[in-house]
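Let's go through a structure together, asking at each step what a label rests on.

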Amino acid sequence: MPVNSLKKTSLFSVMVLILTGCSQAETNTASDPAASPALNAKTIHENTLVLDSHIDLELGLIADDMDPWSSGKTLTDLEKMKAGGMDGAFLIVFSPQGDDTSEGIAKAADIAETRYNAIKRLTEKHADKIELALSADDTRRIHKTGKRIALIGLENAYPLGNSVDDVSMWFKRGVRYIGITHVGHNQFGDSSNPSYKKGETLSLHGGLSPLGKDLIATMNAVGLIVDVSHASKSTMMQAITLSKTPVIASHSGARAVSDNVRNLDDEQLRALAKTGGVIQIVAYGPYLKDLTPAQQAFKDKVRKEMGLEDDMAFLSMDAKTEDLYDFKMKDVSKLSPPANISDLVDHIDHVVKTVGVDYVGISSDFDGGGKIPGWMDASETMNVTEELVKRGYSQEDIDKIWGGNLLRVLETVQEYAHE
Ligand SMILES: [Zn+2]
């Protein structure tokens, strides 16, 4: 799940965008573009195992014994996946960050339980259409049957409490990656987005806490992928140093293309690639595209009007002030078109140019905030492949980007645990 990141954009980042944002398309021109790129993309898409690394489940739609995708309101469901040629996805057991108290942790554990049970119901109720995959081989086997593939990721380690005892329980249930943090620092490490409202500063632990270091070692031993999306740069770099296996960012962008604290800078991309890991570029507009100078000027004006020119006052505003701010900012999107598939693929191009095609993938973040014009729900997934084909990516590249790289990581992580 993303946070309102519109607030974290600086003028500098706008300049970075201007300097780098327009040159991506020319750098990847196809040497042999097909006569009909759309037809070619369709064939390539059908030949590819298309795996999305981050799809959320809305809590309001999974109460009691509801099938999470039966409401017709979700951006992902079995029909939409089939229509869009999306073969599988990591479905996310997400808990928002609360206080480090037994009550807070118990509440988060309840939420995690609700989401996990909804995934279980989905795969049980529609066993003929979707199946839970526990490994890379499993994923490929299910793909051959024509069924959709469900994998599970845990977003935010907070509900684990103040120990790592539950890690193997979650592994047994099918979870294959755990994101260390969400918004706000937790007992395992520092977040990329401190909860300034709660009085947090940039860092609580200086990266990973001692418990966070235990978590990495335990995940390695059990066979779980370490996910650094939402983690601060120091948490992320320490996790990479400590982890014996490749690390992923399950839903982030490239900071050189869009300067947001949720994105990875080039130093982080290089460190990630060195582990053999992968960054899954997320279809969440504010992480993909910086504000234009006109939008930045609009934002500056609103901040000034509201007496929020000081960064700390801005970042720690209370809920009522934030509502007013959001109201005043609602027209900012009219000043420039929102990020689209071309922006998403600009991030992919940047990762490819910086570290290579073996270290990048794609995540929609559907039903958790993600959607961009052209890829508004799972039924439009082929449009992403079409843009990749237009930029000159081959079938082999697209196989890697749409899941091959991520499955390689899963395989490596599980092999390490076996040995
Ligand atoms: Zn998230």
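Q: How do you know that the span of helix 5 (residues 102-125) agrees with what is expected?
A: The expected span is 1.5 Å times one less than the number of residues. For the 24 residues of helix 5 that gives 34 Å, and its end C-alpha atoms are 34 Å apart, so the two agree. By the way, this is a predicted model, where local features need pLDDT of at least 70, side-chain atom pairs count only at pLDDT 80 or more, and totals for chains, interfaces and linings use all residues. Residues are numbered from 1 along each chain as its sequence is written, and side-chain values use heavy atoms, with hydrogens and water left out.

Q: What counts as a helix or a strand here?
A: Both are DSSP runs numbered from the N terminus: helices are H or I with at least four residues, strands are E with at least two.

Q: Which elements do the buried residues of helix 5 pack against?
A: They pack against strand 2 (88-94), strand 3 (130-132), strand 4 (148-155) and helix 7 (167-173). Among those buried residues are Gly-104, Ile-105 and Arg-115.

Q: Why is Thr-139 called buried?
A: Buried means under 20% relative accessible area, exposed means over 50%, and partly exposed is in between (1.4 Å probe, protein chains only). Thr-139 has 0%, so buried it is. You'll find Thr-139 in helix 6 (residues 136-145). Leaving out residues up to four places away in sequence, Thr-139 touches Leu-49, Leu-51, Ala-133, Ile-149, Leu-151 and Leu-407, where contact means heavy atoms within 4.5 Å.

Q: Why is Lys-274 called exposed?
A: Its relative accessible area is 78%, so Lys-274 counts as exposed. Lys-274 sits in helix 10 (residues 266-274).

Q: What makes the buried residues of helix 12 line one face?
A: The buried ones are Gln-295, Gln-296, Lys-299, Val-302 and Arg-303. Seen down the axis, they fall within an arc of 125°, so they line one face of the helix. That arc is taken from the directions from the helix axis to the C-beta atoms.

Q: Which residues make the contact between helix 12 and helix 14?
A: Helix 12 brings Phe-298, Lys-299, Val-302, Arg-303 and Glu-305, while helix 14 brings Tyr-325, Lys-328 and Met-329. Four of the residues in this contact are nonpolar, none polar and four charged. Nonpolar covers Ala, Val, Leu, Ile, Met, Phe, Trp, Tyr, Cys and Pro; charged covers Asp, Glu, Lys and Arg; the others, Gly among them, are polar.
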